[in-house]
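User: I have a model open and would like to go through it by question and answer. Please keep the reasoning short.

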Amino acid sequence: MPELPEVETTRRGIEPHVVGRKVTGLVVRNPRLRWRVPQTIVRELPGQTIQSVTRRGKYLLLATPIGTAILHLGMSGSLRVVNQNQAASAYDHVDIVFDNGECLRLRDPRRFGALLWTRQDPLLHKLLKSLGPEPLAVGLDGDYLYKKTRGRKRGIRDTLLDSRLIAGIGNIYANEALFTAGIHPTRAAGKINQSQYQSLFRAIRQTLEGAIQAGGTTLRDFYASDGKPGYFQLSLKVYGREGEPCLTCQTPLRAKKLGQRTAFYCPKCQR
DNA sequence: AATCGCGCCTGACGGC
DNA sequence: TGCCGTCAGGCGCGAT
């Protein structure tokens, strides 16, 4: 599933194919994504030139002079650059067609993703305006998390998934970072001290950056590739490894359902 | 303000 | 083999 590193890898992959291109049309085969693809984007995006591709959390933003396309890949979404004549599969819901005959093709079997359009500053859009800081933002450190979590009783795993606190951390990376920092996923966020937040924040950064680097090195071509584009095998230390030995102490890893999502952890290394 | 559960959707997987 | 139930999960949203 696309987590922040995959979204960033996607951004980097499509950027050279998309920036400076003029959109000649939008092909919407199925508008029923998480939210219905709006008619406004069908009317207004064609004729515009893409100025930039940026990322906020797990949202991708394709800016034009008159508005911005907001893309989210949800659970199963992916983007490829293909020739517009290439046959589309059942899950290829939208093509953004360019003046050179290529298109940006959105595939999303589960349709948890989204394609929206805004004419205002996209960062003021309802979906983006409440997002917390980017975990990779220059200057951000563990003190931010420490200060924001005083008095919070919720477990740290759930707290890290709250995009209003910090953007773009999904279940996989929350679990991986907590393992690296040696913090138990159910520890109350408000009971974690300043130096532990420093190491947790470093672990978050390291995990995300490592995955982005891995994405960059194993990146398949975003142009006309088969299968899933640009994604990469994650090397995960705890996620999905219930019952397997901890890489540090060999203790069998555990899985526990916290809220709606499963937490994976080492009962010995994480306290 | 913080927290909690729901629901969207379909491929994968296990059991029979 | 084939059918069926269950699970997974991002995340906005409404309720508490």
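Analyst: The questions below concern a predicted model and cover the DNA strands, a helix, a loop residue and the strands of a sheet.

User: Which class of residue, nonpolar, polar or charged, has seven members on the surface near DNA strand B?

Analyst: The residues around DNA strand B include R32, R110, R111, R152, K153, R154 and D158. Two residues of this surface are nonpolar and two are polar. The class with seven members is charged.

User: Which elements each supply at least two residues of the surface near DNA strand C?

Analyst: Of the 17 residues around DNA strand C, those that come nearest are K58, F112, G170, N171 and T262. By class, this surface has five nonpolar, eight polar and four charged residues. The elements that each supply at least two residues are α5 (171-181) and β10 (261-265).

User: Is α5 largely enclosed by the rest of the structure or largely open, and how many of its residues are buried?

Analyst: A residue counts as buried if 20 or more other C-beta atoms lie within 10 Å of its own. Among the buried residues of α5 are N171, I172, Y173 and F179. The helix α5 is largely enclosed by the rest of the structure, because the buried residues number ten of the eleven.

User: Which residue takes a positive phi in the hairpin of β9 and β10?

Analyst: Strand β9 (residues 254-258) pairs with β10 in the antiparallel sense, over five bridges. In this pairing A255 stands opposite F264 of β10. The hairpin has two residues between the strands, and the one with a positive phi, near 65°, is G259.

User: How far apart in space are I166 and P135, C-alpha to C-alpha?

Analyst: I166 sits in the loop between α4 (156-160) and α5. It is buried, having 24 other C-beta atoms within 10 Å. Leaving aside neighbours within four places in sequence, the contacts of I166 are G132, P133, P135 and L160. I166 and P135 are 31 residues apart in sequence, but their C-alpha to C-alpha distance is 6.5 Å.

User: Which are the edge strands of the open sheet with the order β1-β6-β7-β5?

Analyst: This open sheet has four strands with antiparallel pairing, in the order β1-β6-β7-β5. An edge strand pairs on one side only, and the edge strands are β1 (23-28) and β5 (78-83).

User: At about what angle does helix α1 run to β5?

Analyst: Strands β6 (residues 92-98) and β7 (residues 102-107) run antiparallel, joined by five bridges, and D95 stands opposite R105 in β7. Helix α1 (residues 4-18) lies across β5 and β7. Its angle to β5 is about 25°.

Definitions and conventions
Residues numbered from 1 in each chain as written. Chains lettered and ligands numbered in written order. Predicted model: local features only at pLDDT ≥ 70, side-chain atom pairs only at ≥ 80, totals over all residues. Near = placed C-beta within 6 Å. Nonpolar A, V, L, I, M, F, W, Y, C, P; charged D, E, K, R; others polar. Buried ≥ 20, exposed ≤ 12 C-beta atoms within 10 Å, placed from the backbone. Pairing = 2+ DSSP bridges. Contact = placed C-beta atoms within 7 Å. Axes fitted to C-alpha atoms, helices over the stretch in contact; angles between N-to-C directions.
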